[in-house]
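Colleague: Got a minute to walk me through this one? I'd like to go region by region.

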Amino acid sequence: MPDGGTLTFVTAREELDDCCAATHPGVAPGKYVKLAVSDTGRGMSPEVRTHIFEPFFTTKEQGKGTGLGLSTVYGIVKQSGGSILVDSEPGKGSLFRIYLPVSVAKKEESPAAIPAPSSNSGTGTILLVEDDEAVRRFAARLLSQSGYTVLEAATPKEAIALCELRKDIRLMLTDIVMPQMNGYELAKITAAMNPGMKVVFMSGYTDSAITRENVLAPGTVLLQKPLKTETVLSTLKKVLEGVTP
């Protein structure tokens, strides 16, 4: 809200029957936790409202926005089985309503362990580039338990430094959308340092959306987030063996 205003957060539990769900486009009947976020800002036109969840769409000036904020929220909500609705008019602010299905937590019998099928285990050094610490730790643990030596980098700059020091890196597993530069630009730089190093990309966006924005060249290998253990391991093994995933 460039002109200032009020931002309001409201949470509630709601149970929607068939009639109520019919008034909430995209929401199925059931029990939900609702998060409503409203503001008293400038609001949006109908044209802008139809594009706000598209990756890389932004109304901000060049260099002041990536166009990834709302598309990231949309992806997380959908991956969680929920829905997000928006109401907005110019001069009347905006209201976002997120509906997440209620789930019953299951008691874990033992500390979480990442299964690593022996058929997908491997050897060699993998450079893992991911700015999200939680995702990076998960992936590093998975790869280490599967037999790989893992070098971690939180930024493209760290990844470049590691490539300069280590010439034994067999594969780089990198996120696409990161600070400083995207994963595809990073791959082009590191390829000159280690021509034999293979590259696998990962992202929370679909390959069609990323390719459409000319970020990822056709034919490259892309893993979708949230990462799935067997998919990650089998894909990396095939790439290292020179087999098309």
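**Walking through the model**

Modeller: Sure, and keep in mind that this is a predicted model. Let's begin at a glycine: just after H8, Gly242 takes a positive phi of about 80°.

Colleague: And H8 itself, what does it reach from its first C-alpha to its last?

Modeller: Helix H8 covers residues 229-240, which is twelve residues. At 1.5 Å a residue, 16 Å is expected, and the model comes close to that with 17 Å.

Colleague: Around the axis of H8, what arc do the buried residues cover?

Modeller: The buried residues of H8 are Thr229, Val232, Leu233, Thr235, Leu236, Val239 and Leu240. Residues three or four places apart point the same way, because an α-helix has 3.6 residues a turn. The buried ones in H8 do lie on the same side of the helix, since they cover an arc of only 165°.

Colleague: Which elements do those buried residues pack against?

Modeller: One helix is on the list, H4 (133-145). The strands are S5 (125-129), S7, S8 (198-203) and S9 (222-224). So, because you asked for names, the buried residues of H8 pack against H4, S5, S7, S8 and S9.

Colleague: Now Asp175: is it buried or exposed?

Modeller: Asp175 is found in strand S7, residues 169-175. Buried means under 20% relative accessible area. Asp175 has 5%, so it counts as buried.

Colleague: Which side chain does Asp175 join in a polar contact?

Modeller: Leaving aside neighbours within four places in sequence, Asp175 is in contact with Val129, Glu130, Asp131, Gly183, Met202, Ser203 and Lys225. The C-alpha atoms of Asp175 and Lys225 are separated by 9.7 Å, with these positions 50 residues apart along the chain. The side-chain polar contact, at 3.3 Å, is with Lys225.

Colleague: How many residues apart in sequence are the parts that the Tyr32 and Tyr99 pair ties together?

Modeller: A search of the whole structure finds three aromatic pairs. Tyr32 and Tyr99 form one that is edge-to-face, 5.9 Å centre to centre with 85° between the planes. Tyr32 is buried at 7% relative accessible area, and Tyr99 is buried at 1%. Tyr32 lies in strand S2 and Tyr99 in strand S4, so the pair ties together parts whose separation in sequence is 67 residues.

Colleague: Last one: which element has the lowest mean pLDDT?

Modeller: The chain's mean pLDDT is 82, and 82% of its residues reach 70 or more. Where pLDDT is low, the predicted coordinates should not be read in detail. S5 has the highest mean of the elements, 96, while the lowest, 50, belongs to helix H7.

Key
Residues are numbered from 1 along each chain as its sequence is written. Side-chain values use heavy atoms; hydrogens and water are left out. Rings of Phe, Tyr and Trp (its six-membered ring) pair if their centres lie within 6.5 Å; planes under 30 degrees apart count as stacked, over 60 as edge-to-face and the rest as tilted. Helices (H or I, at least four residues) and strands (E, at least two) are DSSP runs, numbered from the N terminus. Buried means under 20% relative accessible area, exposed over 50%, partly exposed in between (1.4 Å probe, protein chains only). Contact means heavy atoms within 4.5 Å. A polar contact is a pair of N or O atoms within 3.5 Å; within protein, one must be able to donate a hydrogen and the other to accept it, and residues adjacent in sequence count only if both atoms are side-chain atoms. The expected span of a helix is 1.5 Å times one less than its number of residues. The arc is that of the directions from the helix axis to the C-beta atoms. pLDDT is the predictor's confidence in each residue, from 0 to 100.
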